[in-house]
Every structure is written in structure tokens, then in C-alpha cells.
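Here is a short report on selected parts of one molecular structure. Please keep the sequence and the coordinates at hand while reading.

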Amino acid sequence: MSKNIIFCGVGGQGTVLASRLTAAAAMKEKKQVMTAETIGMAQRGGSVFSHMKIGEANSPLIGKGEADLIVGFEPGETVRQLPFLKKGGAVVTNIRPVQPVSAMIGLSAYDSDAMVSYLKSHVNRLILVDADQALFEIGNPKVLNMVLLGAALETGAVGVEPSDVEAAMRERLPEKLWEVNTRALHYMQNR
Amino acid sequence: MHREFLMGNEAIALGALAAGVNVAAGYPGTPSTEILETVAKRNPGDVKVEWSVNEKAGMEVAAGAAISGARTLVTMKQVGLNVAADPLMSLEYIGVKGGMVVVVADDPGPISSQTEQDTRTFGMFSKVPVFDPSSVHEAYEMIQEAFEFSERYGTPVFFRPTTRIDHGYESIDVKDPGEYKKNDPEGFVKDSSRWVIFPRLSVKNHALIEKRNQELSLVFSGYRRNEILAGAGNYADCRRGIATQGINFSYAMDAMGADHPKIFRVATPFPFPEQKALEFLEGLDEVLCVEELDPVIERALTFVCGKYHLPVKIRGKMTGDVKPSGENSVDSVRESIASFLGTAESAGVAGSPEHESDVCPKLPVRPPVLCAGCPHRASFYAVKMAMEGVKKTLFAGDIGCYTLGNAAPLDMTDTCLCMGAGINMAQGVVRVDPEVKAFAFVGDSTFFASGITGVINAFYNQDSMTLVILDNSTTAMTGHQPHPGTGRTLMGDVVEAVRIDEVLRGIGLTTVETMDPLDLKTCIPEIRRIADEPGVKAIIFKSPCIVRFKPKSGKSKVDPDKCIGCKKCIRELGCPALVLDGDKAFIDPSQCTGCTLCEQICPVGAIAGGGRNE
């Protein structure tokens, strides 16, 4: 059986890199990996998701109630993916919303606090991350993906070693970014 | 061999390189674009690869190379095949010498296309054999086999992945460049009895094609990818079977696990492997066809049952057992199969979500929007302001990022049909009501792809309209490919750029004005003046794509003491960087590019700080 993980958020938040690093780390451990991503129209401020299966599987797409873990970069997007969570599955999510243009011009409503309360009342294994506070403390606005990924690894639902994610990160990013990304990866663990 | 984590499109490209492709061409289109980009990126050095101006040009380049003995690859999305249909239909009658694989990416859903057309059906129509991969790793191997079949039978072949194969990723084993096949094409050999299509040649070759496709049906029955899996576990002796294809096969296997009835996976839907189908149907009472887009397998099996008088009931889309349109998913496939096997109740066990989406709070609506700082927003806004109060207007749109100009609050796209259609459609609208002030918006890449003939048609036929070229110096929607106006090629060469203004003047247009759309004060009166001129006039809004060309700019900032909270900037522009903070406007500095559009329209001058300082 595969470990099934969903990364979700809004275009531009860094979900793709988080998913790539996880895949690369799993490959270092000689595991089979499959992913499916939204590309194209959805990248322009739309909802984006990446389905990932680590281990034996035929297709990369996850069915309803089959995800071991949801890594949400935005609370509303996390709720959108919740039907895919398996019973007893874990959720790691940022609680800071991204307001859509349609809400700004009054064509739709978006109450992000309601999303967070909904998650609290419906998910047992829930880890909430306050991105604004985390990124302020780390001192870099661009490492949300590493903070969330670090928290995701903590749940044990990914089944990949943090050291392998760190090694994969070093292969992809320039050396000057290693230190801050490593700190971001361990941020939730040290709290 | 080595292992890589590859996107389906990358695997297809590496498969073509492993097969020794010599010439590759195509036009960008989701979900096919990354194939040609990967051929260019991983080019071992001797592959000639180009972004063609459109799919027809790409098909013709590939055809010329293929009759010269080269292995050729041409890539496009499914609607692109419509553009390339003319050369392909005739090429099939002539045939090829080197292997020629036409990769057409289909888009069930559709997720980012106009139609849900099925290239398998196009294969039947054009008589071109079709290969249909089920996974990323299979796509890598199958395209190499497709080249072999093409060469052996002297015909172009279709290779048609769908979005979930194109954009899925898998860790797979691929060949090292040293293991790639080497082809030395002999070059074009003159033979007018072979390469010049005339009715006499068509009559002769049509008969040969029909004969060959009958033979291919037999050959494909022995092709290992058209496979039958015996019933297993609880369904070992079941008299029901499942026929499926592509990603649906993978969904079905994931949904059923070890307990499954007899399965027929169809990898070559045309010519249909009839003998293999007979083997599958043996001992079955009922078959469910699980496929996306057209009911191709369902029709073929129904035909086989009729032809051989088999008492097997074939079910699928046409019998209402599988949804007739839209994309399938693991869940929809699981439901269709469970209800076919009569296990609908136990089917809930595998997929039992803890939560149902219908009881959760209202989810945010996120349609795609133009980026913060996108010059298209300024162009649309300028035309909107210029034509404010004019009773009859038409804003004909086209295909590209700028189709997003249809969304509120801009609401500046009245029509959109297919690449290049807006110009001629505007002519038609004006013919019916000459009082309409018509604007036809077209992007730079789309102008080269199929806009030029439209302009000539409108000019020649004496119609009146304002042509608006949204020139952002790239093909933005599909990920920033170069085009003839950019002066760069996919091979990395810097070449003479084709100038849009000179093309328009060459056609005969006398009013061709180039403007910076981010300068509203200058643009708006100019647009109005040009709109009132008779004949075909052109405005070229020239401003580079903000994603590709990051300008050095200050960021715009709202002075909360001056902001009166009228929300004009937010309501009229729909810029994702503009949000409401309490009752005042606020600009998200991480998104703002300093385009100054909001500064220009603020009625109290409360926004400042932006502006390009090149």
C-alpha cells in the first residue's frame, strides 16, 4: 500500500516545490513515487493541488477517503481537500487566508475563521501553523513550504526521513538558502 | 539506464529521443507543451527542434522531414489537431519513409481547452493508427514502439496521452544518451509518383491503407500492450468483464486491488485489435467499458459482438453506465465498476471519507485571474474607458491569457471561439449591425498563429473594426514560449524578429498605432479617436508579460490618511494585489509590481510609489 499525500494551496504559494522535495527524498530511499499536479489556468491565483503516492500504486490520483495526510498552504484550500482524508488521517495547515479577487470585489464571500473552526471540530490529528508568525520568527517570507513540510514529516505520515528532504533541498537550492530552509524545516519541531 | 522523476511529457520527449528522433516541431498548448520543451532541453545535439507558428506548419515540417527518411515528432493539443488536420489527412494517403509520431494531448474535463474531442475518433476518421498509454512509464516505452510501427508500415501514427498522463509524475528508468538509437536519414529522393498527391494516387493508396489497417488489427491483437488480465480473487470465475484504456485502466486497478474480474486493456484503439477482443469476450455475459471522451471501445466491442453474433451485453457511456462527458476519477471509476458488479454498497469501504464537502462552510471561489501588474488589465481597462457610453460595442476575444479579460470586473470579452477567430467573427457581427463599434483583441503569438489571414480578410472585404494586438512579447498562457516576434528560437538562436506593425502596414492598414497600455491618460483619447475612423485600424499595446520581465519598480502604496474608502481601485481593476484592510484599500507588497494603474485611477490621489525606473 502506498502513502497518500495531498499538497494544496493557491497558485504561487510553493506547493510544487514542497511536493518535488518530498518526491526526491522518497527516491533517495529507493521508493516508487507518483504525483499529479494542476498546471495551466489554475496557476493564476487559482486553487492548486498535488496528489502524491509513495510506494506501490497504479495511478497518482487519490480517491475520496484515501489520503493519509493533507498539507494545506491555505485554510480554505485545506477544507476543499478534506473529503480525500482517510479516517484517522493527519492534516497540517497554515491558518492565514489568501483572499480571492472575487471576494474582494464582493462577488463571493470567504470567511477564513470559519474554515479554521471547521478543521478544529472535524480533524483529530490537526497541526495548525501560523504562517505570519513563523515566517516573521524565521526572518524570511519565502519558506512557508519548508515550515509546512517539516510539520508534515513530524506526523510520520510521509514515511520519509527529514535528513533526506534536507539533502534533496541542498541539491535544488543555492547554498546561501540552505541555512534558512533547514531552520524552516525544523521550525515546528522545535516549538 | 538511470532513474529519474519525470513528468509524463518529459518521459514522452525522452522516449522520442531514445528512438532517435531527428526533427521535432509543434505549437504550444496545454497539456502538450512540455514535450517539445524537453526535446530542446535534453537535445543530445543533433535534433532539429522548432516552435512552429501553428500546428499546420509543424505538421508540414515533420511531413517533409519524414518523407526524407528522418524520424519526426510533432506535438500539439487536441484542438491544435484541427488546425493541422489538412496536411495530416493528405499525408496519410501519401505515407512516410522515416517514422513519424504525431503526439496529440487530449484533455478530458476539459481542464484547459475549448472541447472534449477524442483523438482516437480522429484516428478512425483519418485512418491513422492510434497509441494510447496508461501511465508515465508506459508512455516512455510505447512512444519508442510507435516509431517502429510507423516506420514499418510507412504511416504517421497518433500517440495520444491525456492530461493525467502528460502532467503526472513518476520515478522511472530511462536510457542514457549513449543508448539512444542513431538514425541517418538518407534525405529526400525525388519520386513524383510517390510524393505528389493526385486523385490517381489517392485511389491506389486508399485501397492499400484499408488493407494495411486490416492487417494492423491482426498485428495489434498480438501487441503485448493490448492485454487481457484474467479474473482474480473473488472474481476469478466472474462472467463479467471490464474493457478500459489509458489512465482509466490505472484508476480501475487502484479501485479494485487484487479482486478484479477479467480486464481488457486497449492500447491501440485504432485499428481495433479484433482478435484479441474475441479472446476477451469468450466466456463473458456482460462487459463494462470504462473510458473517457468518446465511447470508442464500447462501439468497437458492440460491433465485434454483432459481427460474430456473440450474446455479450456491452455497457458503458451509451447505455448510461459510465458518465457520458467530463473527466473520470478513481472515485467515479470505482462507482461505475461497483454498480456494474453489484457491489455498490461494499464499495464505500475503500473510500470512506471522514468528512463530506457539503456540510463544510462556503469555500472560497478562485477562478484564474490576470496577474498583478499584467499589461492586459491596463489594455482592457483603457478600451473600456475609451468606449464608455457608446451604445453598441463588440469586444471580440481570442485564445490566451487575455481570455481572462472576460471576468468581472473588467468584463471585456464578448466572444471567444478558437485561435484567431475573433477578427473574422467581428466582421460577421458588423455585417449584421454596421452601427457596432467592433474591437478584435488578439495576442502576439495568436496573431502569428492564425490572426494574419483574418486581418487580410477583413481588410480585403472592406469591413470596419479596431484590431487590438496585445503584444507582451511571449506566448504567456502556455509558459512563455518564443514566437516569430520575439527574435528567439527554440534552438536558442537569436534571429530577425518579425515586426507586427510592419506586417500590418504591409497588408495595407494605414492606421497602426503602438501604445503603452500602462499610460492611460495618453491611450484613452487615442483609442476613442481610432475607433471612430472607418476601415480596419490597428492598435498595438506593447508591454512585456509581467511574469517573464520583472521590471525594476517601486511598489505602489496606499496612504490611509488620504484613502476615502471608495474602493474604486478594487472594484474596477480586480488586481489580486489590491485588498481591503478595514475600510481602506491596501496593496500587498509581495504581489505589487508597481504598474501604477491603481495610482492613475484613484480619484483622490491616495496611491503613490510605483513606476518603472528603467
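The text below covers a sheet, a kinked helix, two loop residues and the cysteines of chain B. The model is predicted.

**The sheet and its helices**

Five strands of chain B form an open sheet with mixed pairing, in the order β9-β11-β10-β12-β13. Its edges are β9 (227–229) and β13 (313–315) of chain B, each pairing on one side only. On average, neighbouring strands of this sheet are turned by 20 degrees against each other, direction ignored. Helix α13 (residues 296–307) of chain B packs on the sheet. Its contacts there are with β10 (240–244), β12 (286–290) and β13 of chain B, and its direction makes about 170 degrees with that of β13(B). Helix α14 (residues 330–341) of chain B lies across β10, β12 and β13 of chain B. This helix, α14, runs at about 170 degrees to β12(B).

At one edge, β9(B) pairs with β11 (residues 262–265) of chain B in the antiparallel sense, over three bridges. One residue pair can be named here: B:Glu227 has B:Arg265 in β11(B) as its bridge partner.

**A kinked helix**

Where is the kink in helix α17 of chain B centred? The centre is B:Ser450, and the kink is about 70 degrees. The helix spans residues 444–460. Its buried residues include B:Phe447, B:Phe448, B:Ala449, B:Gly451 and B:Gly454. B:Asp444, B:Ser445 and B:Thr446 are also among them, as are B:Val455 and B:Ala458. These buried residues of α17(B) pack against two helices and three strands of chain B: α16 (421–432), α18 (500–507), β15 (437–443), β16 (465–471) and β18 (536–542). After α17(B) comes B:Gln462, with a positive phi near 65 degrees.

**Two loop residues**

B:Asp132 sits in the loop between β6 (130–131) and α7 (136–153) of chain B. Is B:Asp132 buried or exposed? Its relative accessibility is 2%, so B:Asp132 counts as buried. Leaving out residues up to four places away in sequence, B:Asp132 touches several residues, among them B:Arg120, B:Glu138, B:Met142, B:Arg160 and B:Gln245. The list also includes B:Gly246, B:Val266, B:Ala267 and B:Pro269. With B:Gln245 there is a side chain to side chain polar contact at 2.7 Å. B:Met7 is 125 residues from B:Asp132 in sequence and 17 Å away in space, C-alpha to C-alpha.

B:Thr415 lies in the loop between β14 (393–396) and α16 of chain B. Leaving out residues up to four places away in sequence, B:Thr415 touches B:Leu394, B:Phe395, B:Ala396, B:Gly397, B:Asp398 and B:Met425. B:Thr415 is buried, because its relative accessible area is 18% and the cut-off is under 20%.

**Cysteines**

How many disulfides are there over all chains? The count comes to zero, with a disulfide taken as a pair of cysteine sulfur atoms within 2.5 Å. B:Cys374 is in no disulfide, and the nearest cysteine sulfur, in B:Cys371, is 6.1 Å away. The sulfur of B:Cys595 has its closest cysteine sulfur in B:Cys598, at 6.1 Å, so the pair is too far apart for a bond.

The relative accessibility values given for single residues are collected here.

| Residue | Relative accessibility | Class |
|---|---|---|
| B:Asp132 | 2% | buried |
| B:Cys374 | 10% | buried |
| B:Cys595 | 15% | buried |
| B:Thr415 | 18% | buried |

Technical notes. Residues numbered from 1 in each chain as written. Chains lettered and ligands numbered in written order. Predicted model: local features only at pLDDT ≥ 70, side-chain atom pairs only at ≥ 80, totals over all residues. Heavy atoms only, no water. Helix = DSSP H or I, 4+ residues; strand = E, 2+ residues; numbered from the N terminus. Buried < 20%, exposed > 50% of the residue type's maximum accessible area, 1.4 Å probe, protein only. Contact = heavy atoms within 4.5 Å. Polar contact = N/O pair within 3.5 Å; in protein donor to acceptor, adjacent residues only side chain to side chain. Pairing = 2+ DSSP bridges. Axes fitted to C-alpha atoms, helices over the stretch in contact; angles between N-to-C directions. Bend = angle between axes of the 7 residues up to and from the residue.
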